Structures are given as C-alpha cells and as structure tokens.
Amino acid sequence: MSLYDIAGLKVNMDLRFPFTLDRAKAYLVGEDAEKPDITVEVSDEELERWIKRFKSDEFSDQYEYMLAGGSFYRQLLDFDGMMLHSSAVVVDGNAYLFSAKSGTGKSTHTELWLKLFGDKAYILNDDKPAIRYVDGSLYAYGTPFSGKHDISSNTRAKVKGICFIERAKENRIEKIAPSKSIPLMLEQTLRSSDIGYMDKLLFVMDKLLNNVNVYKLYCNMDISAARLSYETMSNAEEPNA
C-alpha cells in the first residue's frame with residue numbers, strides 16, 4: 001500500500017489502475033503508515049461484482065476509482081467529515097461550494113469565477129470535495145476524487161458558503177433555511193440505510209448548517225451570475241455571528 005495525505009488524514013490506499021493512481025499522485029506522501037486514519041482497499045470480489053453489474057470489464061479502472069472514493073468518503077464520517085457533490089472554488093482563502101444535479105452547470109458556474117477573479121481564484125475540487133469540522137470550523141478539502149475533468153488541489157479552505165444551482169433566464173440568489181437545505185444536501189451526498197452511518201452524517205450536517213450559510217442560486221451562464229453569488233455570499237455574516 002501507499003500513504004496519501006487526503007483531507008488532513010493519513011490514508012493507506014491499495015490502487016492498481018493508472019486511472020486512479022494518476023489522480024491520486026498529488027496526494028501521495030510515501031509508504032503505507034502502520035496506523036493510518038483510513039485504509040482504502042478495492043478487492044477483486046468488489047471489482048468482479050461491478051463487472052457483472054455493468055456486464056463489461058472495459059471500465060475496470062473507473063470502477064476502482066468509484067469504489068475507492070466511496071470507501072474513503074464513508075470512512076470520512078468517523079473524522080467529522082462528509083462529501084458534498086459540488087464544485088468548490090476558492091477566493092481570498094475562502095471556499096464557496098456550488099452543488100446541483102449533474103448537467104445543471106455547477107462546473108460552468110465556477111469557471112465563471114475563474115474568469116472573474118483570475119489568479120485570485122482556483123478550483124479546490126470540481127466534483128466531490130471533502131468537508132470536515134475541525135477545531136470549531138468547517139473546511140473544504142481537495143481530494144483525488146474530482147470528477148471527469150480531474151481538477152483538484154491538495155489544500156484546504158474555510159467554507160464561506162454553499163449554494164445550490166438552478167438554471168434560470170435571470171439571476172437571483174436567496175438564503176435558504178436549514179429545513180430546506182437538508183433534503184438538498186442529502187440528495188448530493190452518500191446516504192445509507194444504516195442508522196449509525198446516518199447519525200454521523202447528520203452530525204456533520206448539523207455543524208455545517210450552524211456555521212455556514214446556504215443559498216439557492218437561480219442563474220444563467222453569464223459572468224454576472226458569478227459576480228452576484230460572490231457579492232452575496234462573501235459579504236454575509238456567518239449564522240452564529
């Protein structure tokens with residue numbers, strides 16, 4: 001196994017395919033740790049089940065990538081962390097996460113932030129950033145599990161805002177209450193029928209909703225949508241301020 005530094009944790013991963021190995025290269029720190037925080041292994045049996053499920057072994061490398069990501073994010077719950085299917089952009093040291101159903105345009109929106117802010121902005125993770133509650137604050141982290149474009153950075157930034165995107169002709173943004181935020185978040189993270197798992201997930205979500213504002217953005221694909229979302233979220237006080 002090899003040792004990786006992911007979301008501030010020591011992670012042993014046993015990977016075999018170049019697809020996942022290449023994406024994880026920026027997180028590699030050396031040989032396996034005797035006492036890692038998380039161990040990720042994708043067994044032959046798991047791969048075989050996916051091959052049978054999709055009736056093809058052509059994409060075994062991508063099956064490993066998805067299985068490894070699922071294993072990491074499930075174990076992340078033991079460290080006050082969760083995954084949110086989103087594109088996370090960082091400006092002035094703060095992370096802004098944009099989530100939506102696939103194909104809605106979350107990555108397109110964060111690309112507008114890069115155009116708007118230039119070198120002041122970068123993408124932390126374009127698909128599945130990790131969020132952890134650490135020392136009383138919520139941080140977003142880059143991970144190797146970064147979607148089809150493989151855009152990620154092995155850094156962290158304090159979460160300033162989370163925004164759920166919906167396409168519209170005209171741009172507008174509104175803050176939404178935790179009661180409306182919870183079902184949106186549950187749609188965009190890993191869920192389980194296991195009660196213990198859901199207790200841990202809801203603990204992290206509670207910390208998130210008590211420390212970070214959540215918004216709904218109705219937007220087109222004009223750069224003015226990025227300007228509106230930034231100005232609204234960056235100037236807002238934190239919920240517990």
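Which residue forms a salt bridge with Lys-25, and how far apart are the closest N and O atoms? The partner is Asp-22, and the closest N and O atoms of the two side chains are 4.0 Å apart. This is a predicted model, and the salt bridge just named belongs to a set of nine in the structure. Below is a friendly walk through those charges, then the aromatic pairs, two loop residues with a positive phi, and a contact between residues far apart in sequence.

**Salt bridges**

- Lys-25 is exposed, because its relative accessible area is 56%, while Asp-22 counts as partly exposed at 48%.
- Asp-78 and Lys-200 make another salt bridge, with 2.5 Å between the closest N and O atoms.
- Asp-78 sits in the loop between H3 and strand E5 (81-83) and Lys-200 in helix H6 (residues 195-211), so this salt bridge ties together parts that are 122 residues apart in sequence.
- Both ends of that bridge are partly exposed: Asp-78 has a relative accessibility of 46%, and Lys-200 has a relative accessible area of 37%.
- Glu-174 pairs with Arg-172 in a salt bridge whose closest N and O atoms are 3.3 Å apart.
- Here too the residues are partly exposed, Glu-174 at 31% relative accessible area and Arg-172 at 44% relative accessibility.
- Arg-16, Asp-44 and Glu-64 are joined in a network of salt bridges.

**A negative patch on the surface**

- Four acidic residues, Glu-45, Glu-48, Asp-57 and Glu-58, gather in a patch of negative charge on the surface.
- Glu-48, one of the patch members, belongs to helix H2 (residues 44-54).
- Is Glu-48 buried, partly exposed or exposed? Its relative accessible area is 38%, so Glu-48 is partly exposed.

**Aromatic pairs**

- The structure has 14 aromatic pairs.
- One of them joins Phe-19 and Tyr-65: the ring centres are 5.3 Å apart and the planes meet at 80°, so the pair is edge-to-face.
- This pair links distant parts of the chain, with Phe-19 in helix H1 (residues 18-24) and Tyr-65 in helix H3 (residues 60-76), 46 residues apart.
- The two partners fall into separate exposure classes: Phe-19 is partly exposed, with a relative accessible area of 24%, whereas Tyr-65 counts as buried at 10% relative accessibility.
- Trp-50 and Phe-54 form a tilted pair, because their ring centres are 5.7 Å apart and their planes stand at 55°.
- Helix H2 holds both Trp-50 and Phe-54, which are four residues apart, or about one turn of the helix.
- Trp-50 is buried with a relative accessible area of 19%, since the cut-off for buried is under 20%; Phe-54 counts as partly exposed at 41% relative accessibility.
- Phe-19 and Tyr-65 also take part in an aromatic cluster, together with Phe-72, Tyr-73 and Phe-145.

**Loop residues with a positive phi**

- Most residues other than glycine have a negative phi, which makes the next two residues worth a look.
- Asp-135 has a positive phi of about 50°, although it is not a glycine.
- Its place is in the loop between strand E9 (130-134) and strand E10 (137-141), and Asp-135 counts as exposed because its relative accessibility is 78%.
- Asp-150 likewise has a positive phi of about 50° without being a glycine.
- Asp-150 is found in the loop between E10 and strand E11 (156-167), and with a relative accessible area of 34% it is partly exposed.

**A contact across the sequence**

- Which residue lies 9.4 Å from Ser-234, C-alpha to C-alpha, although the two are 143 residues apart in sequence? That residue is Val-91.
- Ser-234 lies in helix H7 (residues 223-234).
- With a relative accessible area of 18%, Ser-234 is buried.

Methods. Residues numbered from 1 in each chain as written. Predicted model: local features only at pLDDT ≥ 70, side-chain atom pairs only at ≥ 80, totals over all residues. Heavy atoms only, no water. Patch = residues over 30% accessible without salt bridge, like charges linked within 9 Å, V, L, I, M, F, W, Y side chains within 5 Å. Areas by Shrake-Rupley, 256 points an atom, 1.4 Å probe, with all protein chains shown as cover. Lys, Arg positive; Asp, Glu negative; His and termini not counted. Charge placed at Lys NZ, Arg CZ, Asp CG, Glu CD. Helix = DSSP H or I, 4+ residues; strand = E, 2+ residues; numbered from the N terminus. Buried < 20%, exposed > 50% of the residue type's maximum accessible area, 1.4 Å probe, protein only. Phe/Tyr/Trp six-rings, centres within 6.5 Å; stacked < 30°, edge-to-face > 60°.
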